Amino acid sequence: MRSWEELRQVCEQCQKCELGASRTNLVFGDGNPNAEIMFVGEGPGQQEDLTGTPFVGPAGQLLDRMLEIIDLDRTKYYIANIVKCRPPRNRDPLAGEQDACIDYLREQVKLVRPKIIVCLGRIAAMRLISPDYRITREHGQWVQRSGFWMTAIYHPSALLRDESKRPETFDDLISIREKIKEVCERTC
Ligand code: SF4
Ligand code: URA
């Protein structure tokens, strides 16, 4: 198995899909590499591409405020994306791009060994939980997969567009907090 440093270097050089050609920076991941909880988004946006850090733009700032409610900050979780380079004009990453990139995320999961994985939005949930995942119906529900507790919440960009989804997401955050209490030893 590759170390964090080896994996990061491979990703920095990667041109396995077309997104590699247009990136400013690779967006590898951020937070605590030994965290018990991991968050996974879909792909970098403009601010992430410019800084090389996931979830630092408007959606990321909302996410930070949401996670503060349940006492989580980046010393307590690890955060990454399904694809590590920015899709042009923030379109959804194509299936082929996700296929090309997903093994890096899987390696990151193996290195972190979290107890809980939270998908941010439909794209991550379809990729990591189930190809027919319906975010409107299934968000906040827990499933056990390959030794991880997994759930999905609405993507913070969706919450920026549609504030009516925020109360449901608040309930999901409380459920995440409960799951942390149930299965984590070092978090909170
Ligand atoms: Fe490589 Fe992933 Fe970037 Fe595509 S998105 S070039 S697979 S690192
Ligand atoms: N949206 C994502 O899915 N990931 C980021 O890193 C930023 C915005």
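## The second largest pocket

The lining of the second largest pocket divides by class into 6 nonpolar, 1 polar and 4 charged residues, and this description, like everything that follows, concerns a predicted model. The residues that form this lining are Leu105, Arg106, Val109, Lys110, Ile117, Arg127, Leu128, Arg145, Ser146, Phe148 and Met150, and the space that lies in the second largest pocket comes to about 220 Å³.

Seen by secondary structure, the elements that contribute two or more residues to the lining of the second largest pocket are helix 5, helix 6 and strand 6, the last of these covering residues 148-153. Helix 5 provides the largest share of this lining, with 4 residues.

## The largest pocket

For the largest pocket the volume is about 640 Å³, and among the 29 residues that line this pocket, those closest to its centre are Glu42, Ala59, Asn90, His155 and Ser157. By class, the lining of the largest pocket is made up of 11 nonpolar, 11 polar and 7 charged residues.

Four helices are named as giving two or more residues to the lining of the largest pocket, namely helix 3 (46-51), helix 4 (58-69), helix 6 (122-128) and helix 8 (156-161). Of the elements that contribute to this lining, helix 8 gives the most, with 4 residues.

## Ligand 2 and its surroundings

Where does ligand 2 sit? Ligand 2 is placed in the largest pocket, where the residues that surround ligand 2 are Gly41, Glu42, Gly43, Glu48, Pro54, Phe55, Asn81 and His155. When this shell is divided by class, the shell around ligand 2 holds 2 nonpolar, 4 polar and 2 charged residues. Two members of the shell, Glu42 and His155, also appear in the list of residues closest to the centre of the largest pocket.

Several distances describe how ligand 2 meets the protein. A nitrogen atom of ligand 2 lies 3.0 Å from a polar backbone atom of glycine 43, and an oxygen atom of ligand 2 lies 3.1 Å from a polar backbone atom of phenylalanine 55. A side chain takes part as well, since an N or O atom in the side chain of histidine 155 is 2.9 Å from an oxygen atom of ligand 2. Taken alone, ligand 2 exposes 240 Å², and 93% of that is buried by the protein.

## The largest cavity

How many cavities of 30 Å³ or more does a search of the whole structure find? The search finds 1 cavity of 30 Å³ or more, and the volume of the largest cavity is about 100 Å³. Of the 16 residues that line the largest cavity, Cys14, Lys16, Cys17, Cys85 and Cys101 are the closest to its centre.

The elements that give two or more residues to the lining of the largest cavity are helix 2, which covers residues 19-22, and helix 5. The largest share of this lining comes from helix 5, with 4 residues. Divided by class, the lining of the largest cavity contains 10 nonpolar, 2 polar and 4 charged residues.

## Ligand 1 and its surroundings

Ligand 1 sits in the largest cavity, and the residues that surround ligand 1 are Cys14, Lys16, Cys17, Gly20, Arg23, Leu26, Lys84, Cys85, Ala100, Cys101 and Tyr104. This list includes Cys14, Lys16, Cys17, Cys85 and Cys101, the residues named as closest to the centre of the largest cavity.

Which element gives the most to the shell around ligand 1? Helix 5, which runs over residues 95-112, gives the most, with 3 residues. In terms of class, the shell around ligand 1 consists of 7 nonpolar, 1 polar and 3 charged residues.

Terms used:
Residues are numbered from 1 along each chain as its sequence is written. Chains are lettered from A and ligands numbered from 1 in the order in which they are written. This is a predicted model: local features need pLDDT of at least 70, side-chain atom pairs count only at pLDDT 80 or more; totals for chains, interfaces and linings use all residues. Side-chain values use heavy atoms; hydrogens and water are left out. A residue is near a molecule or strand if one of its heavy atoms lies within 4 Å of it. A polar contact is a pair of N or O atoms within 3.5 Å; within protein, one must be able to donate a hydrogen and the other to accept it, and residues adjacent in sequence count only if both atoms are side-chain atoms. Accessible areas come from the Shrake-Rupley method with a 1.4 Å probe; for residues, only the protein chains shown count as cover. On a 1 Å grid over the protein atoms alone, a cavity is a set of points where a 1.4 Å probe fits but cannot get out, and a pocket is an open set with protein on both sides within 12 Å along at least five of seven lines; lining residues have an atom within 4 Å of a point. A molecule sits in a cavity or pocket if more than half of its atoms lie within 2 Å of its grid points. Ala, Val, Leu, Ile, Met, Phe, Trp, Tyr, Cys and Pro count as nonpolar, Asp, Glu, Lys and Arg as charged, and the others, Gly among them, as polar. Grid points are joined across faces, edges and corners, and a volume is the space filled by probe spheres set on the points.
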